[in-house]
Structures are given as structure tokens and as C-alpha cells.
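Student: I am new to this structure and would like a close look at a single part of it. Could you take me through the annotated binding site, residue by residue?

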Amino acid sequence: MKKLYFLFLIALLCTNAFAQRKGYWDQKVDYTMVIDVKEKSYQYDGKMKLLYTNNSGQELKKVYFHLYFNAFQPGSMMDYRLANIADPDPRMTSNIGTKEKPVYQSRIATLKPDQIGYQKIKSLTQDGAGTTYKVDGTILEVTLAKAIQPNSSTTFDMTWEAQVPEQIRRSGRNSKEGVELSMTQWYPKMAQFDEFGWHLDEYVAREFIAPFGNFDVTINIDKDYVIGGSGALQNPDQVKGYVKNAKVQSAKGKASWRFKAENIHDFAWAADKQFLVNHARSKGGVDVYLVYKPGAKTTESWTRAMEYTTAFFDFCGSKFGAYPWSTYTVVQGGDGGMEYGTTTLVTGERSLESLVGVIYHEAAHSWYQHLFGINETVDEWFDEGFTSYIEELAFQHLFKKTNPMPDNPVLPAYKSYIKLALSGKEEPASLLADYYNTNYAYSNEAYNKGQVLAEQLGYIIGQQNLETTFLKFYELWKFKHPTPNDFKRVAEEVSGINLKWYFNLFINTTRKIDYAITPGENNEINLINKSDFAMPLDVLIEYQDGSKELFYIPLREMRGEKPAENFSVYQGVKRTVLEDWFWTKPTYTFKVSKAVKKASIDVTARLADVNDTNNVFEVK
């Protein structure tokens, strides 16, 4: 009995060592919605019952909803952003100049009343009592009939009417590829309230954050349409497309599609009369649906993409934690690719390689951002960068079948980041996603620098420790809203290495890494930190006699050392750990025992050195 108690105590202590931050809490939402679509006018009526649970420990006198469709109106903040950013998204603008001298105009600015998007609230009650509310752009501010007390729930009943805008960004009607309805950001969505307060970002084209909850959505639409969407379809035998010889049940020519999903924080769907549905199941038991318009530009790629898509969930389950939902649906629609709870909308007229690549990216968002509810408006690199990292690993392993994997599997991201770092356009990655001066900087910060941060973290703490960190993070933070600091803390606990300096400098500044190596006298090796960003170094020495030795120089701020790594380039190579280096000293010299033929800083190319031309010297 004492032995069992001792083992239980040890397990408890180990769990607590990796526990969530003290006092962590999350709000919860449960949506029940019925949607009646008016197909000819691209409008619909919505009815919602929303159970909102306040776990904050704080009394709430107001709540807020997002009305994203309101962005697609002339004079909106999104409209003005397009008119004033230096490099607007070409999907959202028209060139009213010439090819030689383009002049870009916001497509939103020219929308007519029957083309704009809107969500108009018709009624809103709280536990049966009336509320006071006002609309300010894409935000609905609700003054409650009765304050929501800590650790209690309240029920909102809402009716609204909406118009689907022309396809300009993510949502819309009649996409470039002819998909009739791409329904994303389509319902009044409860805003996120957490330890940082209410997140009330105006919709100007970037990303999202929302509380986790359950969805029960019924969509009444013309019986000839096929829908792909979030969650599990509850009545596949009563609608078109999912079951052979289904008996489509309709009232007044409309079919009712009912979807349910648990523990997600966004719901999306798309509809078209020509949609075809393919289904397969991964080895791990995930039901995968590919929903697309068949044709010369789609059918072959979408058919062949199924085997790669099912394999993706099994691969990621082993590397980043099991996919926890029963379904995943890829739907042709939208204007590129965008992730939602258990589904994604992607443009479909692509080569197989392009289609698999975009599916892998959006499906990888099932981890970063839908399993971990990352605040994309604040920590865009954590969302897009880590997603791109997963995408690239899966793509090389499953599609390219690269074996063994490169020492640095995301080297193209390093090259793009370094180009940005040297361009003069880089801004700190901690900048709010909407506020970058250019789309160029945002894209490279979020997608590429985020990948670099992840891969370079493996260089600092060791590749095996990085892989363990991803799995431990999954165990601790699934279905929660972690911050980058939570990921950092897990990496520190796994590796025993302090990482405050790395995350601070790489995220909050635009400082660059730049080292050089030169030979000294009497078998000495001289290292120079030419920048203001100190890093640990791996220095591989090839001696004149043909032998090799790897010298590892930890950074003093790490207060620890990474273990030896199992890269092929280091196989059979003696590893020597030297005295730590510190950032206040720009030079470092160490002596080797034999004549040197060649010396190289980081032969695995995981150090994001902005000028690696001086990272090697060779004695001729």
C-alpha cells in the first residue's frame, strides 16, 4: 500500500511540474442554430440559442459578438485598410491603372447594396429578458439584462438576417471557381473573454480567436445543394451527396442539413449544386471528406489527394498528438485556404502537389490553432509559423517521401526570413497581426519566421527535446487557449534550458544573428559575434588526419546544455562541450589538439545566421 501511495505521489509531482498556469480558466459557448437560406437573393435568416458559461470569476455586465460580414461594406475599416496599405491583397483589389503603373482600388468600395455583406440583429434576449445592444462596425456590444455572475451560465436567444457578400475575402458568393456559397465568419460569434480581457478586434482581413464550445447547426436550403462543413453530418441519408440512393427529405423544396461538433471554436460550411463528396477513413479512425466541383481542373487532383489527406492525420498524430475529432472535411470554396473547426475551405483548381500542400497547411491548423486556441490576432507566428512547420514535415515525409529527412526540413523558410531581415521591412513578430505596414512583412513574419523559431528551438534544446516538447504541450494544452509563454515553459521543463532570452529577442525585436569563424595561431579557433543576438554554437572541426570533432559552446543564459544529437553528419564524431559563452563578450577562442583542415559553424544549417558566408574556413 505504501509503495502504491509513493508511486501515486511521484506521478502527481511529475504532472504538477508541467501543470497549466495557476488559476487558468476558459469561457464556454454552446450554439444551437437554424438557418433558412434564400438562395436567389444570397440572403438568409438565422435563429440562435447560445448558452454562455462564465468561468472567469468576474461579473460580466456586457458581452460582445463579432458581425464579420459587416466588413464587406463601403467605408468599413477593411475597405480603408485596402485603400491605404502599401501592398494590398490582389484578391481584394482591382487595378484601375495600367499594368506599368498599377493603381489599386478596394473591391469593397464598389459594392452595390445587393452585393455587400451584412448581419442585422432583429432580436436578442437574455434568459427571456430584453437586452440593449448597438452595432459598431463588425462588433455588436450587448448591455445585459442581468449581469452574468462568476461560475454561472446564461442563455441568449437571437434572430438575425444576413446577406452573403461578393466573394472578396474568405466568405462570399460565387467564388472565382464558381462555388455558390462559401460560408465562413457567417454567424454572430461570441467574442473571446479571457485573462487579457475582451478581444474586440475589428475585422480588417486577418485572423481570429474565440471560446471553445459545442455546435448544433441546421441549415435549410434548396434540396439540390450539397453542403460540406464542420462537424459530423447527422442525417446523411436524408440529403444529397453523402449516401448512395439517399432519400432526400424536403419541405417546400428545401432539405435540412444538420451538423454537430464538440469542442471547436468556429463553424464553417460551403454549398453548391455540383459538389461531389468523396469519403475515406484514416488508419487512426478519422473520417475524411473531400467535397468539390468535379471537372477537368479538379477531379484528378482531388481524387488522388485523398490518400495523402488520410495519411496526414496518422502522421501528425504520432508527431504532435492524436487528432481528437471524428471527422475532417476539405471543401472547395473561398479564395485560397482557411481553417475552421474540423473543416477547411480551399480553392480547388490546383495541381496535385499544390492541392496536397494547401490541405496539409489548413489541416495542420487543427493543432495550431483549433486544438490549441491560439490568439491569431496577437501571436500570428505561433499560429501560422508552427502550422507551416507541421505542413512542411508532413509534405516531405508523405508526398515527397524524403528519407532521411533533411537536417533542416524548413530551409526555404530560413531563406525567406533572412531576405526579410535584410530588407529593412521587418517588424517585431510580437506586433498585432493587423498592424503590419506591409503584407510582405506580415506573411514572412507569421509563416516563415515562425517556422524558423520552431526549428531553431530544436537547435538550441536538441531535436529530440523539441519533439518531446510538442507532445507534452499537446497533453497539457489541448482544448485550451495557450500563449507562447506556455509553449516556452514546456520546452524549458523538457530540456532544462532557460529560453527567456531566445523568445524575447526573436519575437519582440528585429535583431539578427551573425557569426563568423577564423583560424588563429597554434591550432586556435576564433569565433566572432558580429551582431547583437547571442546563440549557442556547434562547431565541427575536420582535422588534417581525416578525423572530426564537434565542439559545442552553450550560451551562459541557457543555464544548461543540449544533449548530443543524432544527425547523420555527427555519426561517429567525438563531441566536446566547452565552457559557456555570454552575450556581453563578442569574441570566443578555443584551442584544438591537431592541425585543422576545415572548421564550420552549424553544418545542419539550423542557425538563422543572416550571413553564413563567413561561417566556414578551410585550410588549403
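**A close look at the binding site**

Tutor: In this predicted model, a good place to begin is a polar contact of 3.3 Å that joins the side chain of His 365 to the side chain of Glu 339. His 365 is one of the residues that an unreviewed UniProt entry annotates as "binding site", a set that consists of His 361, His 365 and Glu 384. These residues span 24 positions in sequence, yet no two of their C-alpha atoms are more than 8.8 Å apart, so they gather at one spot. His 361, His 365 and Glu 384 also belong to the lining of the second largest pocket.

Staying with His 365, we find this residue in the loop between H4 and helix H5, the latter covering residues 380-399. Its relative accessible area is 0%, and because buried means under 20%, His 365 counts as buried. Apart from its neighbours within four places in sequence, His 365 is in contact with Glu 339, His 370, Asp 383, Glu 384 and Thr 387, so that Glu 339, its partner in the polar contact, appears in this list as well.

Turning to His 361, this residue sits in helix H4, which runs over residues 352-364, and with a relative accessibility of 8% it is likewise classed as buried. When residues up to four places away in sequence are set aside, His 361 touches Glu 384, Thr 387, Ser 388, Glu 391 and Tyr 447. Glu 384 and Thr 387 are thus found among the contacts of His 361 and among those of His 365, and Glu 384 is itself part of the annotated set.

Conventions. Residues are numbered from 1 along each chain as its sequence is written. This is a predicted model: local features need pLDDT of at least 70, side-chain atom pairs count only at pLDDT 80 or more; totals for chains, interfaces and linings use all residues. Side-chain values use heavy atoms; hydrogens and water are left out. UniProt positions are given in the numbering used here, feature names are shortened, and annotations may be inferred rather than shown by experiment. On a 1 Å grid over the protein atoms alone, a cavity is a set of points where a 1.4 Å probe fits but cannot get out, and a pocket is an open set with protein on both sides within 12 Å along at least five of seven lines; lining residues have an atom within 4 Å of a point. Helices (H or I, at least four residues) and strands (E, at least two) are DSSP runs, numbered from the N terminus. Buried means under 20% relative accessible area, exposed over 50%, partly exposed in between (1.4 Å probe, protein chains only). Contact means heavy atoms within 4.5 Å. A polar contact is a pair of N or O atoms within 3.5 Å; within protein, one must be able to donate a hydrogen and the other to accept it, and residues adjacent in sequence count only if both atoms are side-chain atoms.
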